[in-house]
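Here's a quick briefing on a single model, meant to be read with the viewer open. Have a look around first, then use the notes below to find your way.

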Amino acid sequence: ANSSHSILDHSTFILNLTKVDASKTPVWEKEYSAREAYSMTGLHPSDWADLIQRMETDDSLVQKYYTYRHHSVGKGVCNASCKKSLICGMKSSRTSDPSQCENLTDEEFESFKNWQAESDKNC
């Protein structure tokens with residue numbers, strides 16, 4: 001009755017199939033909490049906007065986001081082009097709307113389009 005109806009946090013859990021094969025018992029492990037991983041005070045749009053702003057100057061934060069986005073499966077390092085594409089996608093919030101990407105170079109925009117295709121495929 002006294003709920004704010006706000007999302008308080010987001011946690012992602014993973015199932016390590018190698019461990020399941022060995023033990024025959026599934027054990028779900030917490031991969032991360034958004035608030036903890038990204039030092040967020042909440043999950044409101046303004047909190048996500050703040051995260052994006054911090055990511056623009058903090059490559060380690062970008063790498064952490066990139067790693068968790070791919071469920072810690074070792075996709076490698078998110079380089080400068082990847083970073084711009086990732087942030088562009090987060091800013092636009094719609095993979096079909098590149099209006100937040102107008103300052104990207106042709107190479108960076110191609111990287112964004114590849115990110116779009118991957119995002120669409122994984123949804």
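A helix here is a DSSP run of H or I with at least four residues, counted from the N terminus. Glutamate 36, for instance, sits in helix 2. Keep in mind that this is a predicted model, with a mean pLDDT of 81 over the chain. Most of the notes revolve around helix 4 and the core it feeds.

**Overall layout and confidence**

- The chain holds six helices and two strands, and going along the sequence they come in the order β-α-β-α-α-α-α-α.
- Of the chain's 123 residues, 33% count as buried.
- Among contacts with a separation of 6 or more, 40% link residues 24 or more positions apart.
- As for confidence, 76% of the residues reach a pLDDT of 70 or more.
- Which elements mark the two ends of the confidence range? Helix 2 has the highest mean pLDDT, at 97, while helix 6 (residues 106-122) has the lowest, at 64.

**The nonpolar core**

- The largest nonpolar core has 19 residues, and the members that touch the most others are Tyr38, Leu51, Met55 and Leu86.
- Two or more residues of this core come from each of helix 2 (34-37), helix 3 (45-55), helix 4 (59-69) and helix 5 (80-92).
- Helix 4 is the top contributor, giving five residues.
- As background, nonpolar side chains tend to be buried together in soluble globular proteins.

**Helix 4 and what it packs on**

- Which residues of helix 4 are buried? They are Leu61, Val62, Tyr65, Tyr66 and Tyr68.
- These buried residues pack against strand 2 (28-33), helix 2, helix 3 and helix 5.
- In general, an α-helix has 3.6 residues a turn, so residues three or four places apart point the same way.
- Just after helix 4 comes histidine 71, which takes a positive phi of about 55 degrees.

**Helix 3 against helix 4**

- The two axes come within 8 Å and cross at roughly 120 degrees.
- That crossing angle makes helix 3 oblique to helix 4, because roughly perpendicular covers 65 to 115 degrees and roughly antiparallel starts over 145.
- Helix 3 brings Leu51, Arg54 and Met55 to the contact, and helix 4 brings Leu61, Val62 and Tyr65.
- By residue class, this contact has five nonpolar residues, no polar ones and one charged.

**Helix 4 against helix 5**

- Here the axes come within 11 Å and cross at roughly 70 degrees, so helix 4 and helix 5 are roughly perpendicular to each other.
- On the helix 4 side, Asp59, Val62, Tyr65, Tyr66 and Arg69 take part, meeting Cys82, Lys83, Leu86 and Met90 of helix 5.
- The class split for this contact is six nonpolar, no polar and three charged.
- Some names recur: Val62 and Tyr65 belong to the contact with helix 3 and also to the contact with helix 5.
- Leu86 is another one to click on, as it is part of the helix 5 side here and one of the core members with the most partners.

**Threonine 12 in strand 1**

- Threonine 12 belongs to strand 1 (residues 11-15).
- Is threonine 12 buried or exposed? Its relative accessibility is 11%, so threonine 12 counts as buried, the limit being under 20%.
- Leaving out neighbours within four places in sequence, threonine 12 is in contact with Glu29, Lys30, Glu31, Tyr32 and His71.
- The C-alpha atoms of threonine 12 and lysine 30 are 6.1 Å apart, with their positions 18 residues apart along the chain.

**Surface spots and odd backbone angles**

- In general, most residues other than glycine have a negative phi.
- Histidine 5, not a glycine, has a positive phi of about 60 degrees; it lies in the segment before strand 1 and is exposed, with a relative accessible area of 73%.
- Serine 39 is a further non-glycine with a positive phi, about 50 degrees; look for serine 39 in the loop between helix 2 and helix 3, where it is exposed at 57% relative accessible area.
- Glutamate 36 counts as exposed, with 61% relative accessibility.
- Measuring from C-alpha to C-alpha, glutamate 36 is 8.9 Å from aspartate 9, and the two are 27 residues apart in sequence.

Technical notes. Residues are numbered from 1 along each chain as its sequence is written. This is a predicted model: local features need pLDDT of at least 70, side-chain atom pairs count only at pLDDT 80 or more; totals for chains, interfaces and linings use all residues. Side-chain values use heavy atoms; hydrogens and water are left out. A nonpolar core is a set of buried Ala, Val, Leu, Ile, Met, Phe, Trp, Tyr and Cys residues joined through side-chain atoms within 4.5 Å. Buried means under 20% relative accessible area, exposed over 50%, partly exposed in between (1.4 Å probe, protein chains only). Axes are lines fitted to C-alpha atoms, for helices over the stretch in contact, and angles run from 0 to 180 degrees between N-to-C directions. Angles under 35 degrees count as roughly parallel, over 145 as roughly antiparallel, 65 to 115 as roughly perpendicular and the rest as oblique. Contact means heavy atoms within 4.5 Å. Ala, Val, Leu, Ile, Met, Phe, Trp, Tyr, Cys and Pro count as nonpolar, Asp, Glu, Lys and Arg as charged, and the others, Gly among them, as polar. pLDDT is the predictor's confidence in each residue, from 0 to 100.
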